[in-house]
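This report describes a structure in which a protein is shown together with an RNA strand. Please look at the sequence and the model first, and then read the sections in order.

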Amino acid sequence: MIKAITGTKDILPPEMPKWKILESIVNDVFTGFNYKEIRTPIFEETSLFARGIGEETDIVGKEMYTFIDRSQTSLTLKPEMTASVVRAFNEHSLGKQQPLNKLFYISPMFRQERPQAGRQRQFHQFGGEAIGSASPLLDAELIIIAYDILKLLGLKDLTVKINSLGIPASRENYKKLLKDYLKDSKHLLSEDSRKRFDQNILRVFDSKVESDQEILKNSPLMIDYIDDESKNDFGVVKTILTNSKIPFEVDAKLVRGLDYYTKTTFEIVSGKVGSQSALCGGGRYDLLVEQLGGAPTPGVGFAAGMERILLACENENSLNLPKEEIDLYIIKLDKELSSKVFELSLSFRKNNLIVDFDYLDRSVKAQMREANKLNSRFVLFIGGDEYKSEKLNLKNMSTGEQQLIELNDYHRVIEIIKK
RNA sequence: GUGGGCAUAGCUCAGUUGGUUAGAGUAUCAGGUUGUGGCCCUGAGGGUCGUGGGUUCAAAUCCCACUGCCCACCCCA
């Protein structure tokens, strides 16, 4: 039997309600902040991600779904959305139509990693990007949007972490300081951390190895060495979050794994989703637009993992899903009435009722059981003696009451059901 | 890429030191009087015990390989 590809999952009908709730909250919150939805293709030229995300990152180095198409072009299934949004922003000169573009998206993403709890190879993210302003108000706004969405889903076990990476010049200075600090104890670091020491020293902070963290305990912190502008912007973000009653902690060791980040970065983690705890991550990327061939334009954004969020919702039991029900189930007492039932159902459906009936010519008992299973609010019997005297029998399933209605007066049925 | 765990009905799982036609619950279907649900009762269908090899008179059970899934590391959402 052919099965779904490793790391991909079918979302079956019973799981659909929670996805719908999540999507509608995302849509509503972003719309409230006047963000406009954007959709981009599922794949792009490979070089977009290589240049946008950074050649040295794990995503580009070992996780992309890259293939050569029939015209020998290297294509890649999008592993994240920011590079695509910026590409679209540049391609359509969105910055020239208006100085600030506030955009949001909901989309599948692809990364070829080993699956585990909260991690799939095809997964879904929603996110927002504000391109065209360096104002820290937007940094704060996006954090608030992300936090609002998670709160509206009823999540409680959340931590907002923020940090500032500064501008590239101050970051380079800091990297030197860190290198000096770690130089003497490099041989004591774990193998992975020694690799990071050479490739991207900031990521040594990501290490979960205790002895590494021990070595880092008294290291200089980036937050103390960032440039004045970044420091000032970071202060504004903190003030807004405080005034907005968003609990946050400054995590000077929060280093994000994508190369394009500058200044403010943030992450929201949950204690309820296993070891992959980051529900949401983002930050400012003031150089990316230019780097991808556009005019110098500052931007800020975040992405959130929808599977992880829904996992957290389940583990916190935070969603109250409405009971699924239908309005009417039509039951035929005589098999010959199939086409009459079908016609009737069309009339009801035109009046926005959710209607179903038996297509399998089953017994009345079976039809009733089906109606009950579907949580049908009403059942309409057609056939038998009533039919001979041109009547239908409408039953209210919660009270058990039944009443006769003229055969041709289906408006009366609609009236009763809609009441 | 590395490590650990698991693989028996659609689903959740039993299956005792290898020993008759592999079980339960649930779901599905049919029935419990002629045309009426939920609860309850009866019955039916449904499994090449992940795949391939080996040991044995005999394998779901022991051994090997492969595959898949889960969890963790790396890293990220």
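## Burial and a first example

A residue is called buried if its relative accessible area is under 20%, exposed if that area is over 50%, and partly exposed in between. The model discussed here is predicted. Leu 94 offers a first case: its relative accessibility is 17%, and Leu 94 therefore counts as buried. Leu 94 belongs to helix H5, which covers residues 94-97. In sequence, Leu 94 and Ile 131 are 37 residues apart, while their C-alpha atoms are 9.3 Å apart in space.

## The surface near the RNA

Which residues come nearest to RNA strand B? Of the 53 residues around the strand, they are Arg 111, Arg 119, Arg 196, Arg 256 and Gly 257. By class, the surface near RNA strand B comprises 23 charged, 17 polar and 13 nonpolar residues. On the side of the RNA, 55% of the atoms within 4 Å of the protein belong to sugar or phosphate, and the rest belong to bases.

Three side chains illustrate individual contacts. An N or O atom in the side chain of Lys 3 is 3.2 Å from a sugar or linking oxygen of RNA strand B. For the side chain of Asp 58, an N or O atom is likewise 3.2 Å from a sugar or linking oxygen of the strand. In the case of Arg 114, the partner is a base oxygen of RNA strand B, 2.9 Å from an N or O atom of the side chain. Several elements give two or more residues to the surface near the strand, among them helix H3 (58-63), strand S6 (122-131), helix H8 (191-199) and helix H14 (364-373). The largest share of this surface, seven residues, comes from H14.

## Salt bridges

How many salt bridges are counted in the model? The count comes to 26. One of them joins Glu 91 to Arg 87, with the closest N and O atoms 3.1 Å apart. Both residues lie in helix H4 (residues 82-91), where they are four residues apart, about one turn of the helix. Glu 91 has a relative accessibility of 53% and so counts as exposed.

Lys 332 takes part in a salt bridge with Asp 358, in which the closest N and O atoms are 3.5 Å apart. This pair links distant parts of the chain: Lys 332 is in strand S12 (residues 326-332), whereas Asp 358, 26 residues away, is in the loop between strand S13 (355-357) and H14. Are these two partners buried or exposed? Lys 332 counts as buried because its relative accessibility is 5%, and Asp 358 counts as buried because its value is 4%. The side chain of Lys 332 also meets that of Asp 361 in a salt bridge, at 3.7 Å from N to O. Here too the pair links distant parts of the chain, since Asp 361 is in the loop between S13 and H14, 29 residues from Lys 332. Asp 361 has a relative accessible area of 37% and is therefore partly exposed. Elsewhere, salt bridges that share partners join Asp 139, Glu 229, Asp 233, Lys 263, Arg 284 and Asp 286 into one network.

## A nonpolar patch on the surface

Phe 342, Leu 346, Tyr 359 and Leu 360 form a nonpolar patch on the surface. Together, these four residues have about 430 Å² of accessible area. Tyr 359 is placed in the loop between S13 and H14. With a relative accessible area of 53%, Tyr 359 is exposed.

## Two residues with positive phi

Which residue in the loop between helix H12 (306-316) and S12 deserves attention for its backbone? The residue is Asn 317. Its phi is near 50°, a positive value in a residue other than glycine. Asn 317 has a relative accessibility of 65% and so counts as exposed.

Asn 375 also has a positive phi, of about 55°, although it is not a glycine. Asn 375 is in the loop between H14 and strand S14 (376-382). A relative accessible area of 30% makes Asn 375 partly exposed.

Terms used:
Residues numbered from 1 in each chain as written. Chains lettered and ligands numbered in written order. Predicted model: local features only at pLDDT ≥ 70, side-chain atom pairs only at ≥ 80, totals over all residues. Heavy atoms only, no water. Near = heavy atom within 4 Å. Polar contact = N/O pair within 3.5 Å; in protein donor to acceptor, adjacent residues only side chain to side chain. Nonpolar A, V, L, I, M, F, W, Y, C, P; charged D, E, K, R; others polar. Buried < 20%, exposed > 50% of the residue type's maximum accessible area, 1.4 Å probe, protein only. Patch = residues over 30% accessible without salt bridge, like charges linked within 9 Å, V, L, I, M, F, W, Y side chains within 5 Å. Areas by Shrake-Rupley, 256 points an atom, 1.4 Å probe, with all protein chains shown as cover.
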